[in-house]
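User: I would like a close look at a single part of this model, taken slowly and with the terms spelled out. Please concentrate on one helix pairing and on a few residues in and around it.

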Amino acid sequence: MGSGVPKAIEGAIAILRKAIADGISEEKVAIPKDRLIGCASAYDTRNALSRKAKALQAALPVMEELSRSVRTARDVAEAVRLSRCLLAAG
């Protein structure tokens, strides 16, 4: 497995993370009147994800697991290669 595959997956993960961040908007939320002290109205803010960002956020853990699996497979392949070299030399 060449180094291009893990880099491509990491690139895709970076694109996902940016698209998720781009899909976050800030919403004003009215604070209930019974919680207000000394004012008639007040607002809080919260971050809201677009539908697209929610879908991408759901896909992100799968992509991260794929990335870990590819790195593990690459490491195992390298260990097997080194073991074969050691056995051939001994």
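Analyst: What follows describes the pairing of two helices and then turns to three individual residues. This is a predicted model, in which local features need pLDDT of at least 70 and side-chain atom pairs count only at pLDDT 80 or more, while totals for chains, interfaces and linings use all residues. Residues are numbered from 1 along each chain as its sequence is written, and side-chain values use heavy atoms, with hydrogens and water left out.

Helix α1 covers residues 4-22 and helix α2 residues 51-89, and their axes come within 9 Å and cross at roughly 160°. Helices here are DSSP runs (H or I, at least four residues), as strands are (E, at least two), numbered from the N terminus; axes are lines fitted to C-alpha atoms, for helices over the stretch in contact, with angles from 0 to 180 degrees between N-to-C directions. The two helices α1 and α2 are therefore roughly antiparallel to each other, a term for angles over 145 degrees. The crossing of α1 past α2 is left-handed, meaning that the near helix is turned anticlockwise from the far one by less than a right angle.

Contact means heavy atoms within 4.5 Å, and on the α1 side the residues that meet α2 include Ile 9, Glu 10, Ile 13 and Arg 17, while those on the α2 side include Leu 60, Glu 64, Ser 67 and Arg 71. The residues of this contact divide into 14 nonpolar, 2 polar and 5 charged, where Ala, Val, Leu, Ile, Met, Phe, Trp, Tyr, Cys and Pro count as nonpolar, Asp, Glu, Lys and Arg as charged, and the others, Gly among them, as polar.

Within helix α2, Ser 67 is buried, with a relative accessible area of 3%; buried means under 20%, exposed over 50% and partly exposed in between (1.4 Å probe, protein chains only). Not counting residues up to four places away in sequence, Ser 67 touches Ile 9, Glu 10 and Ile 13, and its side chain is joined to that of Arg 71 by a polar contact of 2.7 Å.

Arg 17, placed in helix α1, is partly exposed at 44% relative accessibility, and beyond four places in sequence Arg 17 touches Leu 60 and Glu 64.

Ser 25 lies in strand β1 (residues 24-30) and is partly exposed, with a relative accessible area of 38%.

Definitions and conventions
Angles under 35 degrees count as roughly parallel, over 145 as roughly antiparallel, 65 to 115 as roughly perpendicular and the rest as oblique. A polar contact is a pair of N or O atoms within 3.5 Å; within protein, one must be able to donate a hydrogen and the other to accept it, and residues adjacent in sequence count only if both atoms are side-chain atoms.
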